[in-house]
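Me: I would like a close look at a single part of this structure, namely one charged residue and what surrounds it. Please take me through it slowly, in connected prose.

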Amino acid sequence: MHAYLDFEAPLAELEGKIAELKAISGPDSAVSIGEEVKALEKKAAKSLNDLYQNLTPWQKAQVARHPDRPHSVDYIRELITDYTPMAGDRKYAEDNAIVGGLGRFRGEAIAVIGQEKGYDTQTRLKHNFGMARPEGYRKAVRLMETADRFGLPVLTFIDTAGAYPGIDAEERGQAEAIARSTDCCLGLGVPLISVIIGEGGSGGAIAIATANAVLMLEHSIYSVISPEGAASILWRDAARAKDAASAMRITAQDLKKLGVIDDIIAEPLGGAHRGREQVFQAADDAITRSLRAFAAMPADALRMQRRDKFLAIGRDL
């Protein structure tokens, strides 16, 4: 059974009825309700299409946070072969909010880094809900520097509500770690491709997404603050997150128009969680195109392209 979002209530009702009817009309049942099931399935398909035809920014935020949406570990498992994880920042500790290592993408050696939220209570606690501490960003820097040393492209998967705001993280230099990770991205002499697969939250995301090409799944979001956080600051009311989401231009479509991202990866109807194989293939194709575009560029040109790309954001608004 799918986990349904609030705006998917009509669809949940239809698919629930379909499931009930199929349970009643088992192979040994004397009741044949095939035509009724087909009619309901057709109605459910139309409902799904209508719902996802014109999602609001707040609805897209809900889809981006869907509990069944594929995570970084899923993309790494599906797209990266010969994967060898690396752990620890060689300074303090291991941070499971950021996963990464070395492997092969379409047969070519690559370094991969991803923010991992976890799927259930146990894994979410293990990965701290995808909110990295300073050692997570220092581990990312270690991986990127290793890739740069050996001439390997870097691929990052972004999915975080933001960096961890706890006291212990601040004590160990959270802001400095984010800044150094961002600086490391800008200084890489190898191609860096980032894919926003869910939430791209604030400095927690930009620390590993200051890339030559920033790709974004169709129903993912990317912003300097969460809609709830913006609503709390602007209107002293987190319940107005819906209004904040509309005003902040957090969707892939808006950010493509603004020049913040480079390409949008199409999702299956109903979101990535309803068609995992399709979204993995679409991501594979988009990453391949981006890597090919930068493969022949020398190190200085890659650095300059990255620098100019981010300096240009907002200049022509």
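Reply:

**A buried lysine and its surroundings**

In this predicted model, K60 is buried yet forms no salt bridge, and the nearest side chain of opposite charge, that of E218, is 5.1 Å away. Because a salt bridge requires a side-chain nitrogen of Lys or Arg within 4 Å of a carboxyl oxygen of Asp or Glu, the 5.1 Å between K60 and E218 does not qualify. E218 does meet K60 in another way, since its backbone oxygen lies 3.4 Å from a polar atom of the K60 side chain. Leaving aside residues up to four places away in sequence, K60 touches L55, E218, H219, I221, T251 and Q253.

The setting of K60 is helix α3, which spans residues 57-64. This helix is mostly covered, with 7 of its 8 residues buried, and besides K60 the buried ones are P57, Q59, A61, Q62, V63 and A64. Among the elements that cover these buried residues of α3 are the helices α2 (34-53), α11 (241-248) and α12 (252-258), together with β5 and β7.

One of the residues that K60 touches, I221, also belongs to the lining of the largest cavity. A search of the whole structure finds 1 cavity of 30 Å³ or more, and the volume of the largest cavity is about 40 Å³. Along with I221, its lining consists of A161, E199, G200, G201, S223, I225, S226 and P227. Two or more of the lining residues come from each of β5 (192-201) and β7 (221-223), and β5 gives the most, with 3 residues.

Methods. Residues numbered from 1 in each chain as written. Predicted model: local features only at pLDDT ≥ 70, side-chain atom pairs only at ≥ 80, totals over all residues. Heavy atoms only, no water. Helix = DSSP H or I, 4+ residues; strand = E, 2+ residues; numbered from the N terminus. Buried < 20%, exposed > 50% of the residue type's maximum accessible area, 1.4 Å probe, protein only. Lys, Arg positive; Asp, Glu negative; His and termini not counted. Polar contact = N/O pair within 3.5 Å; in protein donor to acceptor, adjacent residues only side chain to side chain. Contact = heavy atoms within 4.5 Å. 1 Å grid on protein atoms, 1.4 Å probe; cavity = no way out; pocket = protein on both sides within 12 Å on 5 of 7 lines; lining within 4 Å. Points joined across faces, edges and corners; volume = space filled by probe spheres on them.
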